[in-house]
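Reader: I should like to learn how the terms used for a protein structure are justified. Please take me through some examples.

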Amino acid sequence: MKLFKKQIPLAIVFVFGLVTLASYYVPHRTSEEYLDVMNSWENIVSAFGFFLGLISLFYAHYNKIKRKVDGWGYSLFVYIGFLLMVIPAVYSNGKQINPDASITWLGWAYRYIYNPLQATMFSILAFYIISTAYRSFRIKSLQAFVLFVAAFILILGRIPVGQMIWDQLFGFTKVTTGQAIDWVIGVPSTAGKRGIMIGVAIGAIVTSLKIIFGIERQYMGKD
Amino acid sequence: MKTTKLLFSVFFIISLSSFSFCSPKYTGNSKTVSAIELKNFRALDFPYDKGESGLLTWENTSDIMDAEFTVYVSTLSDNSGWIKVTSFKSGESTAEKINLPFWSFEKDKKIYAVPLEFNNILSSEIKEPLSYYAKVEVLKSGKKYETSVLSSRIEGNWFRADRLNNLLFFLVVSAVFFIAVSHAKKKGLFIRRIAGLDAIDEAIGRATEMGKPIFYVPGIGAMSQISTIASTFVLGEVSKKVAQYDSYIKVPHYDPIVMTVSKEIVKQAYTEAERPDSYKEDINVFISSDQFSYAANVDGMISREKPAACFYIGYFMAESLLLAEVGASTGAIQIAGTDVDHQLPFFFTACDYTLIGEELYAAGAYLSREPMLVSALKVQDFGKLIFMVSVTIFSILLLIGDKLNWDGLSQILTDLLKVY
Amino acid sequence: MSEGMIIFGAWVAAALTLFLFSFLYKDNPFFKVAEHLFIGAGMGWYFQTVYYKIMVPKILEPLNSGTGFEIAMVIIPSILGLSLITQFIPKISWISRYGFTFLMGYSAGMAIPVGLATDFMNQVLGTIEPFANFFSLSGFEMFNALIIAIGTVCVLFYFFFSVEHKGVGKKVSNIGIYFLMVYFGASFGNTVMARFSLLYGRFDTLVNYSSAKYLYATSWIAAGLTLFFVAEKLVKTLTKAESAE
Amino acid sequence: MKEIMHKLLKIDRRYLFVLLTLSILIPIIKPLGLPNKSISKDVQNLYNFIDNLPAGSTIICSLDYDPSTAPELHPQATAIVKHAFKKNIKVIVVTFIPGSTGLIDELFEKIPQQYGKKYGEDYVIFPYMANIVAVLTQMNSNIYSIYDKDKDGKDLKSMPIMKGINNYKNISGIVNITGTAILDIWVAYVGDKFGVPVLGGVTAISQVGYGPYLQKGQIKGLLGGMKGAAEYETLINEPGKGTSGIDALNVAHLLVLALIIMSNLILVIFK
């Protein structure tokens with residue numbers, strides 16, 4: 001049983017990992033055909049992967065309702081939201097636009113339910129930016145001051161009024177806000193980001209190596 | 001340092017030796033029937049590709065100095081079905097322009113090299129091996145000449161010699177990786193102490209003086225994320241100190257699995273500090289698996305209980321804003337750490353100390369000596385070392401090369417790093 | 001779609017938007033309902049997309065009308081895919097490993113050489129490339145090339161954990177911090193614009209929905225919500241006063 | 001005085017929320033109408049790239065944004081598609097996030113008619129695909145083995161726009177507009193691996209992080225956030241949502257700066 005539970009899965013990850021890795025260095029048609037097959041398989045397997053998220057979400061909210069935990073009634077709205085998308089989809093056969101260019105029921109559900117919900121959820125953060133700026137943006141060291149200067153240039157330089165103010169204050173330097181921003185993003189901040197990026201990239205390679213060689217197995221779950 | 005040097009010399013030797021076995025094979029045969037003969041006129045298979053292209057080469061000689069060339073190909077053997085591929089003036093389309101590195105292709109300015117991409121020429125998929133015929137029309141001082149017809153076959157190749165540099169980097173990284181993994185278990189690898197860890201002691205000390213609780217927020221990451229793993233180790237350290245000082249800690253959770261792990265870790269820490277009786281089950285509390293409710297609830301707890309110190313260590317998204325702000329307004333000492341780039345500015349401005357990106361991993365590795373964290377950190381350090389050393393050396397060499405106009409040197413150096 | 005449905009849509013959208021915004025005043029039932037709808041609707045949308053855009057054309061259609069080979073090429077990955085779902089049944093959850101190991105092996109194998117090329121080799125090259133024709137650059141470009149190279153090395157040294165940072169090392173890593181700070185500052189500045197843009201987008205729509213064309217949807221709903229919060233507050237103070245008596 | 005000031009620092013954040021609401025809402029109702037003048041280098045590069053493409057060439061537009069980032073990215077996509085249509089460049093639309101399909105339909109509802117463009121001849125929309133790395137790799141050898149049908153299930157190979165298009169070799173460039181890390185994937189798996197020019201449009205949040213790729217030329221041009229859209233609209237001379245949006249942000253941006261400076265000054269003066 002250990003063979004089926006452990007060794008074969010580890011062999012699968014090892015073989016597929018190494019062969020896919022090698023395909024980068026092998027230009028031959030065989031390698032390309034291998035990738036063709038793998039790509040279409042991957043596409044199908046990852047489509048099933050979506051159901052994992054779906055099932056665990058449904059299960060979590062089902063449990064809340066079953067156990068009548070605090071606020072279980074809200075969990076019902078998760079199912080309602082789901083049906084609000086899926087029923088129109090079935091009715092419109094997955095199409096959002098009719099041949100005559102008018103929107104279908106699915107198109108309607110997207111435009112007036114999904115769209116406002118998602119867009120608003122993320123726009124709420126704008127309000128917290130403003131209170132952070134006031135209540136916790138503290139310039140308490142030289143480092144924080146450098147951070148502030150970079151932020152200042154970007155916040156001011158992005159808006160037309162800022163460009164006018166900038167020209168009044170720093171017009172004598174003949175540097176426009178656009179150039180100043182291009183320089184900040186293109187030179188010092190590029191150096192900062194590149195430094196972070198390299199560590200992250202090698203970290204990702206290490207993780208991939210650990211996966212291929214079966215050192216990292218957390219994704220497999222416990223025995 | 002020694003190993004780096006050694007690896008570099010190995011890299012060079014292999015790169016240079018690959019000249020010999022990677023140079024293109026000559027399979028063409030020429031028949032003389034034409035009015036002009038180009039020196040070393042050859043039809044070849046384009047090297048290192050899947051088998052879609054051919055290559056036509058000839059040498060530049062004094063009699064074709066001001067000529068114009070038009071290349072024709074055909075897949076039919078009876079001297080018909082000619083398709084025009086390209087036409088260019090002398091001096092253009094030389095071997096120098098072929099996008100292959102020096103170790104796999106001789107980039108001679110004096111040789112013309114015309115790639116023949118048959119899938120584009122025939123606009124259909126190519127099934128190799130495919131035989132093709134090629135000829136060149138030369139327009140010289142207003143007169144047209146034609147070369148003989150050459151034939152060759154295109155084949156799929158088995159190795160992309162142009163990606164040899166990538167392969168070598170891969171092998172080097174893998175070698176270092178295996179060394180690091182095997183040594184990490186022996187606990188013999190050095191990691192420097194992270195400055196932020198001293199700030200932790202300070203914060204806990206102050207909380208004890210004030211007699212107020214400490215909040216430790218592990219973020220919204222899953223247990224598989226490195227930042228969450230590192231966070232649990234830092235939590236171990238923090239709760240040990242808390243137990244020693246007999247202070248009080250509270251850990252609100254987003255993920256039930258992280259909570260289970262954290263419970264174990266805190267319990268262990270209390271035992272190690274020899275205060276198992278001070279451990280309480282309600283140190284770790286589950287709040288919500290929903291980002292915004294989690295943040296709102298933790299916010300509420302912080303503003304009610306007014307902790308002396310807040311730790312935000314782990315994986316954070318937008319809630320970094322909501323949490324750090326409330327903490328700052330209650331006057332708590334705040335220590336943050338995350339590997340999410342775009343949340344770091346908010347932590348940095350609102351907190352007293354911030355572990356930036358990999359510093360968090362390093363803190364986790366330093367405290368735990370967990371092989372998985374230590375080995376990754378070591379390979380990352382090695383990558384950074386290669387980067388720093390090669391940037392320094394290559395820049396200096398390139399500067400010298402530029403000053404002395406050694407074009408060849410800069411060509412070789414950039415080819416070594418170029419992605420093909 | 002009839003005109004009436006469009007107007008109704010505007011009412012629904014305006015209501016959901018304002019329900020979510022009401023969180024800014026305080027956590028409340030309207031927000032919670034909209035939030036849970038959001039989670040469900042997100043999943044629902046995802047589900048129908050996966051079903052109609054992948055399941056139908058890539059799995060169901062080939063199964064119905066494909067050749068034997070094509071069917072096999074669908075069945076094997078489908079079995080791997082289905083195996084993922086056994087994860088929820090503890091006794092046979094190990095079967096899901098077949099699907100996961102396939103996915104992980106494939107993506108790990110893909111990621112390694114590409115990561116080396118893009119985020120390592122190309123980054124070294126990008127840093128040193130300007131030096132190849134350094135002396136034909138303008139003074140400003142020379143300066144920038146040097147700043148990028150020195151900055152990157154300093155930042156990397158800041159993140160270098162294998163040596164103690166003392167003396168010169170301390171200085172180098174201190175310089176590194178300032179480059180990081182510029183990066184963080186720049187991203188803070190841009191985050192401000194990004195978040196405000198999103199808010200502008202929502203407000204723009206809300207203003208649009210408050211027009212006569214949509215029967216003043218935004219205004220009515222906003223008024224309703226305000227009324228609710230005022231009433232709630234009143235009830236609370238009243239009950240408090242009562243219990244105090 | 002000191003106490004009042006310190007109290008002011010701890011003001012209920014809901015007052016700040018009201019301030020922000022007004023500072024964005026009022027300019028929407030009464031626009032300032034200030035012109036956007038500056039054009040950043042990366043936006044200019046993207047514009048030049050599209051502008052210099054010969055008529056009849058084909059680009060892939062990977063539109064991977066959903067409503068959560070649409071206010072920033074939708075104007076960018078609109079401006080780029082308009083520009084491409086003006087220059088008679090054919091557009092293939094692909095997408096890898098499920099939430100984007102509705103927005104893509106919205107985008108192509110009106111613009112093609114304005115420029116007299118026909119579906120299937122001048123532009124085409126491919127269906128959503130789940131796994132981006134696999135699809136991107138696959139398109140290098142043969143587009144049709146992964147995309148055999150368009151989003152409505154019509155056969156792709158027989159469409160006029162697809163004539164002579166087999167793989168990346170027939171594609172002049174890729175414009176990826178996204179609020180996710182999908183642009184990184186285009187750069188790594190297509191730009192660097194197969195040598196196709198990659199250009200991008202991203203949210204302002206991620207824009208700064210693309211500095212290294214831009215410096216190396218791995219990305220040939222980039223639009224960042226609403227400002228990037230506004231700049232592109234200026235370049236193609238078609239003011240739209242980007243231009244009006246950035247106009248509405250004037251006051252709010254000043255408000256942020258004022259608040260940061262004010263609170264820090266209070267702390268310094270009234271220690």
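**Terms and their grounds**

Author: In H3(A), the residues A:Tyr74, A:Ser75, A:Phe77, A:Val78, A:Gly81, A:Phe82, A:Leu84, A:Met85, A:Val86, A:Pro88 and A:Ala89 are buried. This is a predicted model: local features need pLDDT of at least 70, side-chain atom pairs count only at pLDDT 80 or more, and totals for chains, interfaces and linings use all residues. Residues are numbered from 1 along each chain as its sequence is written, while chains are lettered from A and ligands numbered from 1 in the order in which they are written.

Reader: What makes a residue such as A:Phe77 buried?

Author: A residue is called buried if 20 or more other C-beta atoms, placed from the backbone, lie within 10 Å of its own; A:Phe77 is buried, so it meets that cut-off.

Reader: What covers the buried residues of H3(A)?

Author: The cover includes helix H2 (29–67) and helix H4 (105–123) of chain A, together with helix H2 (29–65) of chain C.

Reader: How do you know that the span of helix H3 of chain A agrees with its number of residues?

Author: The expected span is 1.5 Å times one less than the number of residues. For the 20 residues of H3(A) (72–91) this gives 28 Å, and the end C-alpha atoms are 30 Å apart, which agrees.

Reader: Why are strands S12 and S15 of chain B called edge strands?

Author: The open sheet has the order S12-S11-S10-S13-S14-S15, with parallel pairing. Two strands pair if DSSP finds at least two bridges between them. S12 (284–286) and S15 (353–356) each pair on one side only. Four bridges join S14 (333–338) of chain B to S15(B), so these two strands pair.

How values were computed: A residue is buried if 20 or more other C-beta atoms lie within 10 Å of its own, exposed if 12 or fewer, and partly exposed in between; C-beta atoms are placed from the backbone. Two residues are in contact if their C-beta atoms, placed from the backbone, lie within 7 Å.
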